[in-house]
Amino acid sequence: MTNLATNSAGHLTIGGCDAVELAHQYGTPLVVYDLGIIQSQVQRFQQVFQEEGVEHAVCYASKAFANKALYQFLNRLGCHADVVSAGEISMALAAGFPAENLVFHGNNKSREELEYALEVGLGTIALDNFHEIDLLEELLAEHQQNVRVILRITPGISAHTHEYIQTGQVDSKFGFDLQSGQADEALERVLANPAFDVLGLHAHIGSQIFEEAGFEMAGQTLVDLAAHWQEEFGFTPRVIDVGGGFGIRYTEDDQPLPPEQFVRAILETIKTACRDKGLPLPAIWIEPGRSLVGPAGYSLYTVGSRKEVPGIRTYLALDGGMGDNIRPALYQADYEAVLANDVHAAVTEHVRLAGKYCESGDILIEDAPMPSAQPGDIVAILATGAYGYSMASNYNLNGKPAVVFVHNGQYYLVTRREEPVDLQQYDLDLPEEGAL
Ligand code: LLP
């Protein structure tokens, strides 16, 4: 179990605030983020670059969790952000996030989204495919505009948590294929059009990665390609972006590297490879999502019914579930839970923590060691800050939970709970009988 802070009442505290009080004040399910953890994670990723005096950007991958207050906080910490939709762009801008610090990703950016990006002066577009180059060329000509781009490469490396498989040809919907010459062709296309300011190249190899090896391979592959591009096309990249994917601890089975170690490995690989190839060291960008917000997030639920299936198990029903955290149902993701109103109580049973959604697969934790929890108790599931709320749904017409930020003993409501009436705002009445 992670080191948990508690107060004299034995309640879980998050950023110095009593989790049970937060649950009572704002209701459950409730998502609470400890800003101190986000800040420390950001600084740990920035630190090595700063010590080594290397130009860099920590581009937060918004998909892990995005709301206005988070964009504001990350902007204060000097982060850039990776965005993948008009929704994320618009939220970032509404928060006052500088458009020039946004990188626009995605394998099917629409004409409208690209036009919007150009209109707001979005910093960099990560070009993903030839169709997008066509669309952008049209739009740039129409608007008499220039845009900064990086090219997304499929590097031929896929990282699966613990194992790294180097494949000749990666079967991926993202990016320009390296082996078949697509990447070269894409570069030639954009170099030929002065409306593209080509900054460099990008790769993202996967998510929840625990070892340096995949990042080292990606860094090496990108520098090799840069050297080839310099020789072949006289193009020298100013940016190498190695993407995100840095793993975090969900349970004791997960042993991720510290952020500093990931960065040091990436930096050393790119530095050495550039020196070997006679290339100047470009700026290095990384795109952590999960690792910045995952460990900072706590989901608080109220216990409802207890169901004993004699001789088999006990189900403890919580008032949230797959609607606010689809990851266990979708990926068989594991989490740990604690009884937030009595953290030190002795574990007396193993229970199945079930959600409230009308689906048997709506189980948050299959087998959670717990003290005997009763209706009305507050359960906290830990490390839920990434891809929980951001992948939330309104299944069964349940509203999304409220989100609270805590910092140094203070708490702030930053996203209010969706109420049933909020869910009705898009719906229109059936035409009158007879008109239909
Ligand atoms: N950059 C790019 C281009 C990405 O596609 C992603 C994630 C990231 C950065 C951030 O990766 P992270 O540091 O968060 O691992 N829903 C899944 C994760 C999907 C990740 C998709 N791309 C989950 O819940 O595990």
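Domain bounds in this predicted model come from an automatic or database domain assignment. For the protein chain, that assignment gives domain 1, made up of residues 5-33 + 296-424, and domain 2, residues 54-289. The centres of domain 1 and domain 2, taken over C-alpha atoms, are separated by 34 Å. Domain 1 contributes 14 residues to the contact, and domain 2 contributes 11 residues. On the side of domain 1 that touches domain 2, strand 22 and strand 23 (410-415) are the elements that give two or more residues. The composition of this side of domain 1 by class is 9 nonpolar, 3 polar and 2 charged residues.

The protein chain contains 11 helices and 23 strands. Its radius of gyration is 24 Å, close to the 22 Å given by the globule rule for 436 residues, so the chain is as compact as a globular protein of that length. The C-alpha trace of the protein chain spans about 70 × 65 × 40 Å along its principal axes. Of the 436 residues in the protein chain, 45% are buried. Among contacts in the protein chain with a separation of 6 or more, 70% are accounted for by residues 24 or more positions apart.

The ligand has 21 residues around it, of which Ala61, Ser207, Gly244, Gly289 and Tyr387 come nearest. Both domain 1 and domain 2 give residues to this shell, so the shell lies between them. Helix 10 (290-293) and helix 11 (327-331) each supply at least two residues of the shell. By class, 7 residues of the shell around the ligand are nonpolar, 9 are polar and 5 are charged.

Two sets of positions carry the UniProt annotation "binding site", in each case from an unreviewed entry. One set covers Gly245, Glu287, Pro288, Gly289, Arg290 and Tyr387. Another set covers Arg290, Arg327, Tyr331, Glu359 and Tyr387. The positions of this latter set are spread over 98 residues of sequence and are also spread in space, with up to 26.9 Å between C-alpha atoms.

Pro288, which the UniProt record annotates as part of a binding site, is found in the loop between strand 15 (283-286) and helix 10. Pro288 has 27 other C-beta atoms within 10 Å and is therefore buried, the cut-off for this class being 20 or more. Not counting residues up to four places away in sequence, Pro288 touches Phe45, Val58, Tyr60, Ala61, Gly244 and Phe246. Among these contacts, Ala61 and Gly244 are also listed with the residues that come nearest to the ligand.

Arg290 is found in helix 10, an element that supplies at least two residues of the ligand shell. Arg290 counts as buried because 25 C-beta neighbours lie inside 10 Å. Outside the range of four places in sequence, Arg290 touches Ala64, Ser207, Gln208, Ile248, Ala386 and Tyr387.

Tyr387 occupies the loop between strand 21 (378-382) and strand 22 (402-407). With 24 other C-beta atoms within 10 Å, Tyr387 is buried. Leaving aside neighbours within four places in sequence, Tyr387 is in contact with Ala64, Arg290 and Arg327. Ala64 is thus a contact of Tyr387 and also a contact of Arg290.

Tyr331 is placed in helix 11. Tyr331 has 10 C-beta neighbours inside 10 Å and so counts as exposed, whereas Tyr387 is buried. Both Tyr331 and Tyr387 appear in the UniProt "binding site" annotation that includes Glu359.

Two further positions were examined. Asp253 is found in the loop between strand 14 (239-241) and helix 9 (259-277). With 7 C-beta neighbours inside 10 Å, Asp253 counts as exposed. The C-alpha atoms of Asp253 and Leu178 are 35 Å apart in space, and the two residues are 75 residues apart in sequence.

Asn7 lies in the loop between strand 1 (5-6) and strand 2 (12-14). Asn7 is partly exposed, having 15 other C-beta atoms within 10 Å. Asn7 touches Thr13 and Asp18, with residues up to four places away in sequence not counted. Between Asn7 and Ala19 the separation is 12 residues in sequence and 10.0 Å in space, C-alpha to C-alpha.

Technical notes. Residues numbered from 1 in each chain as written. Predicted model: local features only at pLDDT ≥ 70, side-chain atom pairs only at ≥ 80, totals over all residues. Near = placed C-beta within 6 Å. Helix = DSSP H or I, 4+ residues; strand = E, 2+ residues; numbered from the N terminus. Nonpolar A, V, L, I, M, F, W, Y, C, P; charged D, E, K, R; others polar. UniProt positions renumbered as here; feature names shortened; annotations may be inferred. Buried ≥ 20, exposed ≤ 12 C-beta atoms within 10 Å, placed from the backbone. Contact = placed C-beta atoms within 7 Å. Rg over C-alpha atoms; globule rule 2.2 N^0.38 Å.
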